[in-house]
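Me: Could you walk me through this structure? I'd like to learn how to read it one feature at a time.

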Amino acid sequence: MVLEATMIVVDNSESSRNGDYVPSRWEAQSDAVNMIFSAKTQANPESSVGLMSMGGKGPEMLVTLTTDFGKVLDGMHRTKIRGSTYLATGIQIAGLALKHRQNKSQKQRIIVFTCSTIHEDEPSLVKLAKKMKKNGVSVDFVAFGDLDPDNTRKLEVFSETVNSGDGSHLIIIPPGPSLLSDHLLSSAILGGDGSVPRGGEDGVGGAGESGGGFEFGVDPSTDPELALALRMSMEEEKARQEKENKAKSEAAKEPGLEGIPEEGGESQPLLNSSGEASGSGTAPATEDMEDKEDDADKMDTA
């Protein structure tokens, strides 16, 4: 498992209010930040994640490197949407935060969300990329929203310059019905470092033999809801079959009523040969009748 210190830089400029991503650009970032934090800390409990914004009047450090998920949620909740972005300054501050991390054995990574116009020119971005590369900092970009050619070109140049050993990535996500976090789950930003596996052995994924080595042939990292539904359906079917088998086995062991003798040890018909009721209650009833007849005869004689 990769031990990393990750700074997440979110775009809280006015552009993040747009609703061309589900449910909005800002809410999509918030959901993706939560997912990244969970993926990093679950991959290695000693990994830490920090959070900062680069919009408004200037970049703001929201949460220093931490393993407390509540602090990250509070940082996102406190962030206000306003102003424009300061990409270069935001990356520089994130780099300083990583430089002063407590655990020096952690690898350094910055994940930048950008959905607005990039005002910095290309030469200044190239200079910053070289500085990040020299300091051993990997920089990932999640580009969405304003995807004009000029923005995309600047990000591509920065990513190519800072990249060292395929450690930095640029993900361009066009508008669509899918969540931003769904795209990230299947991207190299998370899947490339071993945090979220995307395939079977030797990195082979998709529709390989036996569904790529995944249960039910579905990768839970790319479609967790479908994987959970299939697992629950299988467990319900298994419980139903076990209940049916148990009922059948109990029915097979239950004895019939034919060989059970009646109370009293003897089997007697309901009616005797004279057509009268038979059984233990017959004799007492006959004796009572005879006693009543004797009493009547005595009264007549008197």
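Me: Let's start with Lys-104: is it buried or exposed?

Reply: Keep in mind that this is a predicted model. The general idea is to look at relative accessible area: over 50% means exposed, and under 20% means buried. Lys-104 has 52% relative accessibility, so it counts as exposed.

Me: Where does Lys-104 lie?

Reply: Look in the loop that runs between α3 (87–99) and β4 (107–114).

Me: Which residues form a positive surface patch?

Reply: Lys-104 is in that patch, along with Lys-99, Lys-127 and Lys-131.

Me: Okay, on to salt bridges. What's the general idea?

Reply: Side chains of opposite charge can pair when their charged atoms come close. The cut-off here is a side-chain nitrogen of Lys or Arg within 4 Å of a carboxyl oxygen of Asp or Glu.

Me: How many salt bridges does that rule give?

Reply: The count is nine. Take Glu-4 and Arg-109: their side chains form a salt bridge at 2.9 Å, N to O. Glu-4 sits in strand β1 (residues 4–10) and Arg-109 in strand β4, so this pair ties together parts 105 residues apart in sequence. Glu-4 and Arg-109 are both buried, too.

Me: Which other side chain meets Arg-109 in a salt bridge, at 2.6 Å?

Reply: That's Asp-140, with the 2.6 Å again taken from N to O. Here the link runs between distant parts of the chain, with Asp-140 in strand β5 and Arg-109 in strand β4, 31 residues apart. Asp-140 is buried, just as Arg-109 is.

Me: Which residues are linked in a network of salt bridges?

Reply: Glu-4, Arg-109 and Asp-140 belong to one, and Lys-40 is in it as well.

Me: Can you show me another pair?

Reply: Sure, try Arg-25 and Asp-146, whose side chains form a salt bridge at 3.5 Å, N to O. Arg-25 is in helix α1 (residues 25–43), while Asp-146 is in the loop between β5 (137–143) and α5 (149–162); the two are 121 residues apart, so to speak distant parts of the chain, linked by this pair.

Me: Why does Arg-25 count as buried?

Reply: Arg-25 counts as buried because its relative accessibility is 2%. Its partner Asp-146 is partly exposed, at a relative accessible area of 26%.

Me: What joins Val-22 and Pro-23?

Reply: For a peptide bond, the angle to look up is omega. Val-22 and Pro-23 are joined by a cis peptide bond, with omega about -10°. You'll find Pro-23 in the loop between β1 and α1.

Me: What can I learn by comparing sequence with space?

Reply: Pick two residues and check both separations. Glu-160 and Ala-129 are 31 residues apart in sequence, and their C-alpha atoms are 8.7 Å apart in space. Glu-160 belongs to helix α5, and with 60% relative accessibility it counts as exposed.

Me: And for the whole chain, what share of the contacts with a separation of 6 or more comes from residues 24 or more positions apart?

Reply: Those residues account for 71% of such contacts.

Me: How many helices and strands does the protein chain have?

Reply: There are nine helices and six strands. The chain has 302 residues, and 38% of them count as buried.

Me: What does its accessible surface come to?

Reply: About 17,700 Å², with 52% of that belonging to carbon and sulfur atoms.

Conventions: Residues numbered from 1 in each chain as written. Predicted model: local features only at pLDDT ≥ 70, side-chain atom pairs only at ≥ 80, totals over all residues. Heavy atoms only, no water. Patch = residues over 30% accessible without salt bridge, like charges linked within 9 Å, V, L, I, M, F, W, Y side chains within 5 Å. Areas by Shrake-Rupley, 256 points an atom, 1.4 Å probe, with all protein chains shown as cover. Lys, Arg positive; Asp, Glu negative; His and termini not counted. Charge placed at Lys NZ, Arg CZ, Asp CG, Glu CD. Helix = DSSP H or I, 4+ residues; strand = E, 2+ residues; numbered from the N terminus. Buried < 20%, exposed > 50% of the residue type's maximum accessible area, 1.4 Å probe, protein only. Contact = heavy atoms within 4.5 Å.
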